[in-house]
There are 2 protein chains.
Amino acid sequence: MRSTETMSPAASRVLDAAEELFYSRGITAVGVDLVAERSGVTKRTLYNRFGSKDGLIAAYLSSRDERWRAEVMTAVESSGSPADAVTAPFTVLASQDRSSARGCAFINALAELPDADHPGRRIAMDEKAWLLDLFARLATDARCAEPPALARRLMLIHEGALATEPLSRGLLTDATELARSLVREAAQRA
Amino acid sequence: MRSTETMSPAASRVLDAAEELFYSRGITAVGVDLVAERSGVTKRTLYNRFGSKDGLIAAYLSSRDERWRAEVMTAVESSGSPADAVTAPFTVLASQDRSSARGCAFINALAELPDADHPGRRIAMDEKAWLLDLFARLATDARCAEPPALARRLMLIHEGALATEPLSRGLLTDATELARSLVREAAQRA
DNA sequence: GCAATCCTTCACCGATCGGTATACATTGGC
DNA sequence: GCCAATGTATACCGATCGGTGAAGGATTGC
């Protein structure tokens, strides 16, 4: 699927509606009729642009992934130091409005798409693999000890923060603090 | 819903089938007709025993919750030391067959049940609250410094391990090691 | 012997599911 | 002036969704 700017106006509106509905209500629970109605578009147009519901799901996840990666990279580049850059993904989380308490769209997608062949599943898994690799690269840049091991630990904490978000008391603050202390420790150890 | 032993044979079979299907395929994606067929029971009986699909969902989560809490408490009681007891929930994870890579049933349920009023959502949130409280109690028993803060960190790591399980490379080993080192550190600090 | 509980069979309900067919209007580029 | 792309409207498809009504066959305990 092409990126948002090169999409036709109708397709763009469909994608906007799909993102909001899929995220807030769940992918399986939302029907294509509802997405079409919300975006003010005929079902025919929806199918002409996205081919199938699975195609729309993949576009939804791709769009979210693309936007999120851009935010993370911006946060990385605007970090004060290489050490701060390592925990940039956590500051991105803190900067977002996550009051919906719907957690991570990709974790949710993995929960709803158990089929290994589903295109959306691949996108969600790639997102997580990308973050793990990013943590490792940033840890290397910050001259931390054992970058891959540190990356896995940061990944655990990051995903833990997202997974506990739907709970009444989110743990993002604790996650950020713990992540920073692990980075500090690994930097000293090197 | 009554516990498994006091249930009628048909109801028990329905619950077994529901547990397997809801967990492996997702709650929303599985219809009541399929659950009835798999359990060799009429849809009528299913509805006589569980009232509605939501009732069956609640029974599914309750049953899983009950079984899991029992396993955790057994692991806690058979721990060699109070310090080991704190990380007992991690050893429970390691002892289970989690090769399905379907992650945590409760995290998945929260992803699929966005409605705050859904009975299943309450059960899933209570499960997480119970674990957080258990971590804090065990940390107190092990004379760790700042039990509530340690509990939140352990919670993050625990949920992170579950959330990353659907990924190709699970992080349970790293999670257990990190949890143990945090407990060690907090025990020394006290 | 009687009643209650459990479970069955089977037919049925309106609504919604993902997806398609046909036909027509608008728009911009060549 | 024309063609292709884009979008509209409407009607339709078989399948499945969660859920119910009505009637009857077992088993159990009093």
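How many residue pairs are in polar contact across the interface of chain A and chain B? In this predicted model, six such pairs are found, with both residues at pLDDT 80 or more. The contact draws 36 residues from chain A and 36 residues from chain B, and the two chains bury about 3000 Å² between them.

**Symmetry**
- A turn of 180° with a shift of 0.0 Å along the axis lays chain A on chain B with an RMSD of 0.0 Å; this is the relation of a two-fold axis.
- Both copies use the same surface, since 100% of the contact residues of chain A recur in chain B.
- Gly160(A) comes closest to the rotation axis among the residues of chain A, its C-alpha lying at 1.8 Å.

**Buried area**
- Carbon and sulfur atoms account for 70% of the area buried between chain A and chain B.
- Arg152(A), Leu156(A) and Leu178(A) together supply 20% of the area that chain A buries against chain B, more than any other three residues.

**Polar and charged pairs**
- The interface of chain A and chain B holds two salt bridges.
- In a salt bridge, the side chain of Arg152(A) meets that of Asp174(B) at 2.8 Å, N to O.

**Make-up of the chain A side**
- The elements of chain A that each give two or more residues to the side touching chain B are α1 (9–25), α7 (105–112), α8 (119–141), α9 (147–163) and α10 (172–189).
- The largest share of that side, nine residues, comes from α9(A).
- By residue class, the side of chain A that touches chain B comprises 18 nonpolar, seven polar and eleven charged residues.

Notes
Residues numbered from 1 in each chain as written. Chains lettered and ligands numbered in written order. Heavy atoms only, no water. Least-squares fit on C-alpha atoms with pLDDT ≥ 70 in both. Contact = heavy atoms within 4.5 Å. Buried area = accessible area lost by both parts, 1.4 Å probe. Salt bridge = Lys/Arg side-chain N within 4 Å of Asp/Glu carboxyl O. Polar contact = N/O pair within 3.5 Å; in protein donor to acceptor, adjacent residues only side chain to side chain. Helix = DSSP H or I, 4+ residues; strand = E, 2+ residues; numbered from the N terminus. Nonpolar A, V, L, I, M, F, W, Y, C, P; charged D, E, K, R; others polar.
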